[in-house]
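Got a minute to go through the cavities, the ligand shells and one helix here? Let's set each label against the rule behind it.

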Amino acid sequence: MEKSPETQKALTVLEKFTSDQCCGKCISCREGTRQMQQILSDSPSPFPSEEELALISELGALIDHTARCGLGKSIARQVVSVLEHQGGEERVIEEYLPGPYQELIFFDIDPHRCKGCSKCARNCPVDAISGVIKQPFVINHELCIKCGTCMMNCKFGAISIKD
Amino acid sequence: MGSMIIAGIRVEFTDENNVLTVIRNAGIDLPTLCYVSELSVYGACRLCTVKDEEGRYFASCTVKPRDGMNIQTNTPELRKYRRTLLELLLASHDRDCTVCNKNGDCHLQNLAERMGVRNIRFKSVQERHEVDTSSNCIVRTPSKCILCGDCVRMCDNIQAVDALDFAGKGVATLVTPAYNRRLADTDCVGCGQCRVVCPTGAISIKSTVDEVWNALADPKNKVVAQVAPAVRTAIGDRFGFPAGKNVMNRLVTVMHRLGFEEVYDTAFGADLTVTEESRELQQRLASGERLPLFTSCCPAWVRFCEKKHPDFIPNLSTCRSPMQMFGAVLRAWDRQKPDEQGRRLVSVAIMPCTAKKDEILRPESCTHGRQDVDFVLTTEELIGMIQSYGLTLNGADKDAADMPFGITSGAGLIFGASGGVTEAVLRNFIAGHNRQEIDALKRVGVREENGIREFTFHHEGRDIRAAVVSGLRNADMVLNAIREGGKSYDFVEFMACPGGCIMGGGQPISSTGSPFRARRDSLYETDINMQIKKTSENPLLDTLYATLLKGREHELLHRNMSGE
Ligand code: SF4
Ligand code: SF4
Ligand code: SF4
Ligand code: SF4
Ligand code: SF4
Ligand code: SF4
Ligand code: FES
């Protein structure tokens, strides 16, 4: 079945995430994103039905509230918002969970996109980001706990997940 | 120090490590699948998620208690999350409970029941993985694994073996030995502690129950069994006795009914071990060679020493373990006085231990090419046999262990708890029968609870420096300290399982707190009531040394590395 562009976008994001970016630790993130993907690809129509969408957004809330790091949370939000056509609305991450960081992925600031506004550094819960105003900021990977707050806060899309 | 509100009730806290512990102390048993208080915090299951006064959600096992917190544990949302988490987990779980080794005793199954999971809204996505039966001690069934990491942290944090690890990422994450090897090809020592913490059937005991049933059914066999001290204070758990209750005599009756013709007490083997080991210590103290003397009755510890610290192999006592000494004696007895009906002796040992399953297969555990002990059954397996026969320990008559090896000392009995071997050996260093002196031994430090305890014992004008160590991480630290010269001892007792054999890898697992103290206290209690305190007072030993063992002590009681 040919999927709608939104569904296809969500599937692409999930595909990459479940196979490549997710560290596999939290049940909610690992299994939740896997099931999101499953529901979308099993759906017999181009768009998920009301029911399927309800289950996906329930999973989104679950991941948002119980997954450990910002990576899982941001993927869940991204998927739900793509499917709900909620683009553009700025949302702020509500929590971060301290703890050992995972090694497979890291957050990085693209120096060409960073405008040096310092918003990421001001929001980082562990002061892992430093820099001079109007010059590209950098993340200290030794300190970073990979909560994802910086990425959620950057207005210029300069911060992304690398692996 | 401080106080917080948990589900509307104010509770005080002191030095609790995390909010989860405060919640549990407040009487709310929040479900968890990846929290074991002795291990490092991992935070994978997310079941312990709670909500604070600002509406933030967090995993309570990962957050330190702060004064003034206001925690909600049971909002409709949290309840829904817990159930959905279990649903998600079960969707990727090979959930054929009816044929699972853990059925009825499974933490995952139990939580699904407690949280009222009656329907799984997600598609089954379980993957089949090959079962790893390569180890002689435990079986790994990865399709039952929920990736909680408890075994990984147990094997590393507590046992310093590091045989298990995570591999892969995302949905392909697996817990497996590094490089996907078989367990038998790793440094695994078979202690079974990973099985103790595994909340599912993913790690189980390698069972030989069927083989033993077959042996019992064959009229050409005479099947006898020995029962280790630690078994009798644990097996009652499963039959409704209070934790730690010593049910040896009922167990003997029930085992006779199962078809074991004679049931002996491994404490007799321990008496032999103590006798030999005290002699060995005296000899080494006199010659000053190969000190400190290390105990050798725990096969997981012996493997650990061989694999990780081979330079210390000469320090290991040459004594066989109590099980192996007894096994060799039984076999020699049978050869000297063959069964009148010409039946073949099948020797079974009931042990708290998974590592003993490997010990009986070692070359030095064989005489004339035949294993001295044919089968080791763990406490758990024996429970299974009793239940499948339709018997129970409740109401069973009380039989005494069979003769001619039925007399044992208290010293042999306390082997089951960490520190017991040392105390038993030191009792033999006390001349005469002075009860006060024997009693005073209890207070030198041998009965403390920490995983490394050191003390000095005065004997004939010299100080004997002893240490009692349990848990292999602790063993690792002690060995490094000895090697680097930071520590020096004359005698060190090592047990792989934290707390000793009463907490062995083949014991029943309690869902309500650690049974350690109950089991240990029960062994010490029984010792108080025993007439014979020291192995050197056991009259049976004298007879045995004068007859069967005469001139053959080395052959039968020490490790014969050639296997001849
Ligand atoms: S730690 Fe982050 S990436 Fe890993 S499973 Fe949890 S939420 Fe997903
Ligand atoms: S992910 Fe960003 S906000 Fe979070 S700790 Fe790292 S640098 Fe700081
Ligand atoms: S591990 Fe537990 S839940 Fe899974 S099949 Fe076995 S008994 Fe059932
Ligand atoms: S049996 Fe012991 S050594 Fe082997 S994997 Fe399990 S915990 Fe590690
Ligand atoms: S084998 Fe058991 S203890 Fe180990 S990760 Fe899997 S479920 Fe957890
Ligand atoms: S401490 Fe006891 S139960 Fe544990 S491995 Fe050693 S002998 Fe076996
Ligand atoms: S117990 Fe807290 S995440 Fe598993």
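Q: Which residues of helix H10 (residues 299–308) of chain B are buried, and what makes them count as buried?
A: This is a predicted model, so keep that in mind throughout. In H10 of chain B, the buried ones are B:Pro299, B:Ala300, B:Trp301, B:Val302, B:Phe304 and B:Cys305. The label means under 20% relative accessible area, so each of these falls below that cut-off.

Q: What do the buried residues of H10(B) pack against?
A: Their partners in chain B are strand E12 (293–294), helix H12 (356–359), helix H17 (472–483) and strand E19 (491–495). Contact means heavy atoms within 4.5 Å, so each of those elements gets within that distance of the buried residues.

Q: How many cavities are there of 30 Å³ or more, and what makes a space a cavity?
A: The count comes to eleven. A cavity is a place where a 1.4 Å probe fits but cannot get out, so these are closed to that probe. The largest holds about 260 Å³ of space. It is lined by 23 residues, and closest to its centre are B:Cys297, B:Pro352, B:Lys356, B:Phe415 and B:Cys501. Helices H7 (229–232), H9 (266–287) and H11 (322–336) of chain B each give two or more residues to that lining.

Q: What classes make up the lining of the largest cavity?
A: There are 17 nonpolar, five polar and one charged residues. Cys, Pro and Phe count as nonpolar and Lys as charged, so B:Lys356 is that one charged residue.

Q: How do you know where ligand 5 sits?
A: Ligand 5 sits in the second largest cavity, which has a volume of about 130 Å³. The test is that more than half of a molecule's atoms lie within 2 Å of the grid points, so ligand 5 passes it for this cavity. Of the 18 lining residues, the closest to the cavity's centre are B:Cys145, B:Cys151, B:Cys198, B:Ala202 and B:Ile203. Around ligand 5 itself there are 13 residues, with B:Cys145, B:Cys148, B:Gly149, B:Cys151 and B:Cys198 coming nearest.

Q: Why does the shell around ligand 4 have two polar residues?
A: That shell includes B:Gly190 and B:Gly192. Gly counts as polar while Cys, Ile, Val, Ala and Leu count as nonpolar, so the two glycines are the polar pair. The split is nine nonpolar, two polar and no charged.

Q: Which residues come nearest to ligand 1?
A: Of eleven around it, A:Cys23, A:Lys25, A:Cys26, A:Cys29 and A:Cys69 come nearest. The shell divides into six nonpolar, three polar and two charged.

Definitions and conventions: Residues are numbered from 1 along each chain as its sequence is written. Chains are lettered from A and ligands numbered from 1 in the order in which they are written. This is a predicted model: local features need pLDDT of at least 70, side-chain atom pairs count only at pLDDT 80 or more; totals for chains, interfaces and linings use all residues. Side-chain values use heavy atoms; hydrogens and water are left out. On a 1 Å grid over the protein atoms alone, a cavity is a set of points where a 1.4 Å probe fits but cannot get out, and a pocket is an open set with protein on both sides within 12 Å along at least five of seven lines; lining residues have an atom within 4 Å of a point. Grid points are joined across faces, edges and corners, and a volume is the space filled by probe spheres set on the points. Helices (H or I, at least four residues) and strands (E, at least two) are DSSP runs, numbered from the N terminus. A residue is near a molecule or strand if one of its heavy atoms lies within 4 Å of it. Buried means under 20% relative accessible area, exposed over 50%, partly exposed in between (1.4 Å probe, protein chains only).
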